[in-house]
Amino acid sequence: MSRAVLPLLAVLVLALMAGSLLVGPARLGLGESLSALLAGGAEGDAVALVMQEVRLPRALLGAMVGAALGLSGAVLQGFLRNPLAEPGLIGTSASAALGAVIALQTGVAALHVLVLPGAALLGAGVSVALVVAIAGPRGGAMTLILSGIAVSAFAAALTALVLNLSPNPFAAAEIVFWTMGSLADRSMVHVWLALPLMALGAGMLAATGRGLDALTLGEDAAEALGTDLRRLRMLTVGGVAALVGSATAVAGAVGFVGLVVPHILRPLVGARPSALLPASALGGAAMVLAADIAVRLIAPDRDLKLGVLTAIVGAPFFLHLIWRLRARLA
Amino acid sequence: MTLMEVQGLTVRRRGAAVLDDVSLTVAGGEVVGLIGPNGAGKTTLLRAALGLVAAEGRSSLAALPPRARAKAAAFLPQGREVAWPVAVEVLVALGRAPHRATAGGLSDADRAAVARAMARMEVAHLAGRPATELSGGEQARVLIARVLAQETPLILADEPTAGLDPAAQIATMEVFAALAAEGRGVVVALHDLALAARHCTRMVALKAGRIVAQGTPAEVLAPASAARVFGIEARYDDSPDGPLFQALRVVSREVP
């Protein structure tokens with residue numbers, strides 16, 4: 001069964017990407033959309049524009065953001081040996097959100113389309129430096145969690161402060177909507193901004209598989225098996241920050257993906273941390289693509305936010321997982 | 001052949017020495033029993049020898065690069081941690097980590113080593129079971145099998161027999177004895193002195209971070225020595241069935 005998981009997930013992601021390309025307010029035919037996407041302008045400029053400038057970046061970002069969150073969640077859970085770990089745990093998403101919120105509040109976000117995501121990335125970068133500095137060079141899983149929580153809480157408090165002091169209710173509303181997470185109205189500029197950082201982060205996390213497997217036996221055993229724990233921690237924190245920072249920068253806060261996806265897929269891959277990484281990346285992409293299709297279908301004219309939907313679906317699902325765990329322990 | 005050599009190993013925690021100037025050499029063919037009361041420094045000695053904790057002094061193993069060290073010595077920690085419900089054979093195969101290439105799956109040699117280790121610890125029938133759903137004793141044997149799969153010249157085991165039933169305790173010590181007979185070395189921290197007396201070729205007694213006695217089981221577990229190290233009155237007999245050790249009563253319960 002575990003051999004079939006990756007191909008099945010890959011097919012699912014491709015199908016959902018195709019679905020994402022075909023769903024939208026402009027009612028375009030199937031053949032029409034695809035030929036406009038590929039040929040570019042053959043059937044009139046408007047269709048090509050919608051496909052290439054609106055739907056393609058949205059589908060690509062859905063897959064990228066989802067994969068980033070799923071992969072980050074799987075790596076963090078493996079590194080911390082805790083199924084409750086999620087990508088926000090080390091403070092990156094809260095700090096990225098703070099950077100974006102400051103950019104929105106001060107109005108610099110209006111200067112250029114890249115200022116907002118840039119500020120979010122800056123926030124993410126600062127948080128990583130802080131977390132690593134607080135946790136110390138040899139810090140284990142526990143110090144990392146605690147410093148992540150501290151940085152997260154501080155960033156959330158500063159975000160609240162910015163909202164609190166916001167003189168303009170429209171700016172406050174804009175900030176609140178931004179933090180709910182969305183893939184609407186993104187362009188290829190966002191794709192090109194996120195892509196190199198996400199590739200870097202994914203590359204770093206891809207190198208953690210063996211170390212995470214060894215960590216199944218605990219830190220002492222893993223180190224005695226030849227795992228360089230400092231390097232593993234550096235790869236984990238750096239990779240997660242690059243992925244979550246860039247995902248938050250282009251899509252805002254999209255919760256529960258990084259927590260729930262590894263949880264669902266773990267039993268299907270035999271629970272091995274290294275096997276969970278590619279599966280969670282694909283599973284995360286599938287979940288975000290599906291949620292982003294759903295927000296367009298459920299309320300086409302209300303701009304339902306992606307992060308709201310993932311939380312509404314994710315939280316009850318998570319309760320269900322806890323329920324099952326309770327039943328097994330009883 | 002010398003498999004491990006530590007000299008003047010000292011570990012300080014908040015200024016106090018929890019391991020104090022310990023020197024120890026282990027050669028192939030030996031099963032060295034590391035004994036001593038709680039807090040004597042047995043675990044710290046094993047961890048410091050492997051370089052898992054910062055220490056003063058010299059340790060031949062800690063001086064090696066991580067991968068070379070993992071090929072030279074395998075470590076069974078005291079805490080039996082299994083974080084994820086992976087299959088037993090997957091868990092045992094983790095012992096192959098230092099031998100594997102950076103990419104690709106297990107080689108035939110890896111699979112053979114895993115099969116040998118599982119057979120030796122009599123856990124082959126558990127191969128497909130999730131390691132987190134085993135009984136405590138089964139899990140302990142699986143984790144020892146992981147250490148055996150590493151196929152290192154030296155094994156450092158911290159309380160490998162704790163929580164095992166008598167048959168499994170004896171079987172485990174006999175596996176260590178068989179490894180020693182093959183020319184490998186084993187250092188094993190033990191609380192069960194009777195078990196140690198029967199299966200160790202040499203014993204090292206620690207107390208308050210220092211080596212306070214070492215030699216054959218008969219020397220280290222002699223009444224005077226047992227009283228000094230553990231504060232117990234004990235009986236040690238060389239019987240036709242081999243050495244028999246029995247703790248009788250507490251003579252002094254001094255805090256070290």
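**A three-stranded sheet, two nonpolar cores and a cavity**

In this predicted model, strand β1 of chain B, spanning residues 2-13, pairs with β2(B) in the antiparallel sense over eight bridges. One of these contacts links B:Thr2 to its bridge partner in β2(B), B:Ala27, and another joins B:Arg12 to B:Ala17 of β2(B). The two strands form a hairpin with two residues between them, and B:Arg14 in the turn has a positive phi of about 50°.

On β4(B), β1(B) finds another antiparallel partner, this time over three bridges; here B:Thr10 stands opposite B:Glu56. Put together, the strands of chain B make an open sheet of three with the order β2-β1-β4 and antiparallel pairing. Because β2 (16-27) and β4 (56-59) of chain B each have a single partner strand, they stand at the edges, and one side of each is left without a neighbour in the sheet. From one strand to the next, the twist averages 10°. Helix α1 of chain B (residues 42-50) packs on this sheet, where it touches β1, β2 and β4 of chain B. The direction of α1(B) makes about 115° with that of β1(B).

Attention now turns to the nonpolar interior. In soluble globular proteins, nonpolar side chains tend to be buried together. The largest nonpolar core of the model holds 117 residues, and the members that touch the most others are A:Leu80, B:Ile35, B:Leu91, B:Val92 and B:Val188. Helix α3 of chain A (residues 45-80) contributes the largest share of this core, with 11 residues. Apart from this core lies another, of 30 residues, which includes B:Leu9, B:Val26, B:Leu34 and B:Val187.

A closer look at B:Leu91 is worthwhile. Leaving aside residues up to four places away in sequence, B:Leu91 touches A:Thr216 and A:Leu217 of chain A, together with B:Val82, B:Val86, B:Ala131, B:Val142, B:Leu143 and B:Arg146 of chain B. Helix α12 of chain A (residues 257-265) is mostly covered, with eight of its nine residues buried. Those buried residues are A:Val257, A:Gly258, A:Leu259, A:Val260, A:Val261, A:Pro262, A:His263 and A:Leu265.

Finally, the search for enclosed space. Across the whole structure, one cavity of 30 Å³ or more is found. The largest cavity has a volume of about 60 Å³. Its lining draws on chain A through A:Leu217 and A:Ala221, and on chain B through B:Leu76, B:Pro77, B:Gly79, B:Arg80, B:Glu81, B:Leu143 and B:Arg146. Of these lining residues, A:Leu217, B:Leu143 and B:Arg146 also appear among the contacts of B:Leu91.

Conventions:
Residues are numbered from 1 along each chain as its sequence is written. Chains are lettered from A and ligands numbered from 1 in the order in which they are written. This is a predicted model: local features need pLDDT of at least 70, side-chain atom pairs count only at pLDDT 80 or more; totals for chains, interfaces and linings use all residues. Side-chain values use heavy atoms; hydrogens and water are left out. A nonpolar core is a set of buried Ala, Val, Leu, Ile, Met, Phe, Trp, Tyr and Cys residues joined through side-chain atoms within 4.5 Å. Buried means under 20% relative accessible area, exposed over 50%, partly exposed in between (1.4 Å probe, protein chains only). Helices (H or I, at least four residues) and strands (E, at least two) are DSSP runs, numbered from the N terminus. Contact means heavy atoms within 4.5 Å. Two strands pair if DSSP finds at least two bridges between them. Axes are lines fitted to C-alpha atoms, for helices over the stretch in contact, and angles run from 0 to 180 degrees between N-to-C directions. On a 1 Å grid over the protein atoms alone, a cavity is a set of points where a 1.4 Å probe fits but cannot get out, and a pocket is an open set with protein on both sides within 12 Å along at least five of seven lines; lining residues have an atom within 4 Å of a point. Grid points are joined across faces, edges and corners, and a volume is the space filled by probe spheres set on the points.
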